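Okay, thanks for coming, everyone. I'll put the model up on the screen first, and then we'll walk through a few spots together.

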Amino acid sequence: MSKLKNILALDDEPSMRRLLEISLKQAGYQPVLAENGREALDILRQGGIDLVISDLHMPVMDGLKLLATMQQEGIDVPSIIVTAQGEISTAVEAMKLGASDYILRPFDLSTLEIAIERALSLSRLKLENRYLRAEASQDTQLIGQSPAMQKLQQSIRQVAPEKATTLIAGETGTGKELVAQAIHQLSPRKDALFVAVNCAAIPGDMLESELFGHERGAFTGAVKNRIGKFEMADGGTLFLDEVTEMPIGLQAKLLRALQQGVIERLGSNRSIPVDMRVVAATNRDPLQAIADGKLREDLYYRLNVFRLDLPPLRERKSDIPALATHFLKPRGLSLDDSAAQTLQTYTWPGNIRELQNILERAAIICGGNTISIEHLPTDITQHTTLATTTTVVPETMTLATKANMSLPIATETLEKDMIRVALQQTKGNKSKAARLLDISERSLWYKLSRYKLEDNTDQEGPLPD
């Protein structure tokens, strides 16, 4: 459903108002009429007006005073001034007060249509620029050629051309917003706005205003009209992240907007048609969220027309080197083989976001062009040690079981294996090996002596005091 633009036309002459009314209807717009600036201001405060066409000279409140008051009250609606041939300087003054354009009377319908289209396009362009600047600073590339990623990318290509509401399910940090942006960029709506709302990051009492907008005076602190994310996304894509965190009462209003394609701003009873593609996301199991009372069942079925399940990073570890290269490329850094292998043995509970943060930390402390294992956090390297030794332990423990080996002896065997692995990974460097094992260097030297392992490694000096 395309939104019919409401254009407020004001002139103190009834014949001129009638001419504007007929012209606007012929051009495909919905005219709203006023005979002076004060009457027009009351209408503007109610909201729902997309453009103002105003004469300069009117009783009660003229066009310049109206523009100045709109500017003071933050009524951000584009406007066109109608002026006579000898009043160009006054028209310029109106432009300084925020008018988008001016036309000279007498005018024909084509001149009016061009001015209207230009003013509406300029208003839309200003809005898009604010969002495009924010989007330009974000990384929207999907990285990876693992089977799981290839399947996901195929599903994105299938659903993107459709208008079907899409639900993205995946753990925190798996890149749900990147997938939503990919859907938008591959859709017929790519030239319109992609508007994202994190339902978990906005307090419940503010989320309704954020989504639907509000009128001046709708609540304490509402000092001016504000359009919501639904109106901003008109013609484009609205992304509702963590939709299960939206208050259950507000979900009913969301459902109505999705079903009927209209919204109402807070403090207004005027219905505003909206046409956008909705993509929602959650880090919960949607069915469990319904059982927990976090998600309305009817809203779930409305959102779940097409579902995408994002694989966690632990299920696509073959993509980690490519992801690391992507994150480190802007800094001119790379990973050595030991660091790359280490990253692929970790389970990544925080998914891609955790990987990006760890690489950013490593880039800060590496002091060179290459990140190696000693630049990674101990919780990553410790996990690697344990994961590596599990390939040795099963055979060792089998022998221990056959020999009725006691727990102290089995523990000693495991310690020896872990120390050997740590020394292999650090090329015999005792300080690095101790950090890897999360013990002091003195403890490591003691265990090397106790287990008679020092003869198998390069000596680095006497036992530390």
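I'll start with confidence, then go to one helix and the salt bridges around there.

So, this is a predicted model: local features need pLDDT of at least 70, side-chain atom pairs count only at pLDDT 80 or more, and totals for chains, interfaces and linings use all residues. Residues are numbered from 1 along each chain as its sequence is written, and side-chain values use heavy atoms, with hydrogens and water left out.

How good is the confidence? pLDDT, the predictor's confidence in each residue from 0 to 100, averages 84 over the protein chain, and 88% of the residues score at least 70. Helices (H or I, at least four residues) and strands (E, at least two) are DSSP runs, numbered from the N terminus. Among these elements, strand 6 (residues 166-169) has the highest mean pLDDT, 97, and helix 17 (residues 393-402) the lowest, 43. Over residues 386-404 pLDDT stays under 50, and the model has 13 contacts there beyond four places in sequence, a contact being heavy atoms within 4.5 Å. Where pLDDT is low, don't read the predicted coordinates in detail.

Now, helix 8. Which of its residues are buried? Buried means under 20% relative accessible area, exposed over 50%, partly exposed in between, with a 1.4 Å probe and protein chains only. In helix 8 (residues 204-212), that gives Leu207, Ser209, Glu210, Leu211 and Phe212. Their cover includes strand 7 (194-198), helix 9 (229-232), strand 8 (237-241), helix 10 (248-260) and strand 9 (262-263). Just after helix 8, glycine 213 takes a positive phi of about 80 degrees.

On to charges. A salt bridge here is a side-chain nitrogen of Lys or Arg within 4 Å of a carboxyl oxygen of Asp or Glu, and the whole structure has 21 of them. Glutamate 208 pairs with lysine 253, closest N and O atoms 2.9 Å apart. That pair links helix 8 to helix 10, 45 residues apart. Glutamate 208 is partly exposed at 24%, and lysine 253 is partly exposed at 23%.

Next door in helix 8, glutamate 210 bridges to arginine 226 at 3.2 Å between the closest N and O atoms. Arginine 226 sits in the loop between helix 8 and helix 9, so the pair ties together parts 16 residues apart in sequence. Here glutamate 210 is buried at 15%, while arginine 226 is partly exposed at 38%.

Last one: glutamate 231 and arginine 265, with closest N and O atoms 2.9 Å apart. Glutamate 231 is buried at 10%, and arginine 265 is buried at 8%.
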